[in-house]
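Reader: Please take a close look at the enclosed space inside this model and describe what surrounds it. After that, carry on outward to the other parts of the structure that can be described.

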Amino acid sequence: MSECRSLRSKPLLRDTEAPIRSRPRGKRNPAQPQLLFDPVPELVEPALAQLKSRPPKGDEWSWELKLDGYRLAVHIEPQGIRILTRGGHDWTHRFPAIADAARALGPATMIIDGEAVVLDDDGRPDFGLLQQSLGASGKQAGNRASDAVLYAFDLVYLDGHDLRGVEYRSRRHLLEDTLNGPKSDQVGAIRLSETLDAEPAVLLEHVCRLGLEGIVGKHLDRPYRSGRTGDWVKVKCIQGEAFFIVGYEKSAASPAGFGSLVLAAYRGDDLVHVGSVGTGFQEVEASRLRKMLDTLRWKRKQPPLPYSGSADVIWVEPTLIAEIEFRAWTADGKLRHPSYKGLRERQDNADVFRLD
């Protein structure tokens, strides 16, 4: 991957450049009449990447690896550390190593946007390992929680300044300075997500050859805007989305498990059957899932969605959300070569896939 060189930060400001631009300051809190700075946001709705079939062209884009984990916002404040999910749930206790690393970045006040991952033996993000480290119940993290690493890719707030109105290139420079840039310790629990200097098509080819998820591009001149605005884009090597588990087929070979899981996506407000997945499970995971599904058995006579298959399905309440990797869609709207990667948690505010 010699073509993909780490993009070193340029000086934050030059004499010939205009000052950093920030959005107009909001009204002061009457309870804090002397406050001269932007208040720390209680919760920041994340900026999300739009899926593209190919990377856009142009020098106004910055590229980095797409990571396979949980999106988190790390709040470092005088009163303590908070690690929040996309849905605003406090998961500080579930990422102790990241929390400790965040404390070491103080006493500055900041909000770091990033992705928590667990790396496999080859140093690649593995969503299954992350899901195992967090445990299935949503309670205290297990022994492997300390293995989680946060790759920081944006800085939303810093020392009294809300940076959401600042263009990405300047936010990136501030983030690099905050984490000590290219000279930072890249073996800690909070690491800088490196930008990669290469033509995006060449970069994507290398990333896919290495078996990684894909690439993310960020428009250098855009502010931080919540939701899928097109300011950020993603191009995947292999498709992966979240789907509801709406049933399972029994297995004669594994009475304690199942043969496959029946999956559904949204079309409008309705659920639509998109196929079944029967690969990607370890025996322990299949048994654990079967126990969870048996507590969610569908109580009504009709299944939770239209179904024309011939399999004998045990239907369940559409509650559990599975992360599924697949190659393509068939002509009749089913997943081609799907493989199970792990469960998403409701607190992560995972987006169940929506069909056009």
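Author: By class, ten nonpolar, two polar and three charged residues make up the lining of the largest cavity. The model is a predicted one. That lining has 15 residues in total, and V44, P46, L72, A73 and D113 are those nearest the centre of the cavity. The space in the largest cavity comes to about 120 Å³, and the count of cavities of 30 Å³ or more is one. Three elements give two or more residues to the lining, namely β4, β5 and β6. The largest share, four residues, is that of β4.

These three strands also appear in the nonpolar interior. β4 (70-77), β5 (80-85) and β6 (110-117) are among the elements that give two or more residues to the largest nonpolar core. The others are the helices α1 (96-105), α2 (127-134) and α3 (168-178), together with the strands β7 (149-158) and β9 (190-192). This core has 34 residues, and those with the most contacts inside it are V74, I83, F95, I98, I112, L150 and L155. In soluble globular proteins, nonpolar side chains tend to be buried together.

I98 can serve as an example of how the core is put together. Leaving aside neighbours within four places in sequence, I98 is in contact with V74 and I83, with A116, with A148, V149 and L150, and with A189 and I190. Another core lies apart from the largest one; it has 25 residues, including I245, L263, V274 and L343.

Helix α2 deserves a separate look. Seven of its eight residues are buried, so α2 is largely enclosed by the rest of the structure. The buried residues are F127, G128, L129, L130, Q131, S133 and L134. Among the elements that cover them are β4 and β6, along with α5, β17 (321-326) and β20.

The same helix contributes to an open space. α2 supplies five residues to the lining of the largest pocket, which is the largest share. Two or more residues each also come from β9, α5 (283-294) and β20 (339-344). The volume of this pocket is about 1,200 Å³. Its lining has 42 residues, and D68, R124, P125, D126 and F127 lie nearest the centre. F127 is also one of the buried residues of α2. By class, the lining of the largest pocket divides into 18 nonpolar, twelve polar and twelve charged residues.

There remains the covalent cross-link. The structure holds one disulfide, which joins C208 to C237 with an S to S distance of 2.1 Å. The link is left-handed, with -90 degrees about the S-S bond. It ties together distant parts of the chain, 29 residues apart: C208 belongs to helix α4 (residues 200-209), while C237 sits in the loop between β12 (232-236) and β13 (239-249). C208 counts as partly exposed because its relative accessibility is 32%, and a relative accessible area of 24% places C237 in the partly exposed class as well. Buried would require a value under 20%.

Notes
Residues numbered from 1 in each chain as written. Predicted model: local features only at pLDDT ≥ 70, side-chain atom pairs only at ≥ 80, totals over all residues. Heavy atoms only, no water. Core = buried A, V, L, I, M, F, W, Y, C linked by side-chain atoms within 4.5 Å. Buried < 20%, exposed > 50% of the residue type's maximum accessible area, 1.4 Å probe, protein only. Contact = heavy atoms within 4.5 Å. 1 Å grid on protein atoms, 1.4 Å probe; cavity = no way out; pocket = protein on both sides within 12 Å on 5 of 7 lines; lining within 4 Å. Points joined across faces, edges and corners; volume = space filled by probe spheres on them. Nonpolar A, V, L, I, M, F, W, Y, C, P; charged D, E, K, R; others polar. Disulfide = S-S within 2.5 Å.
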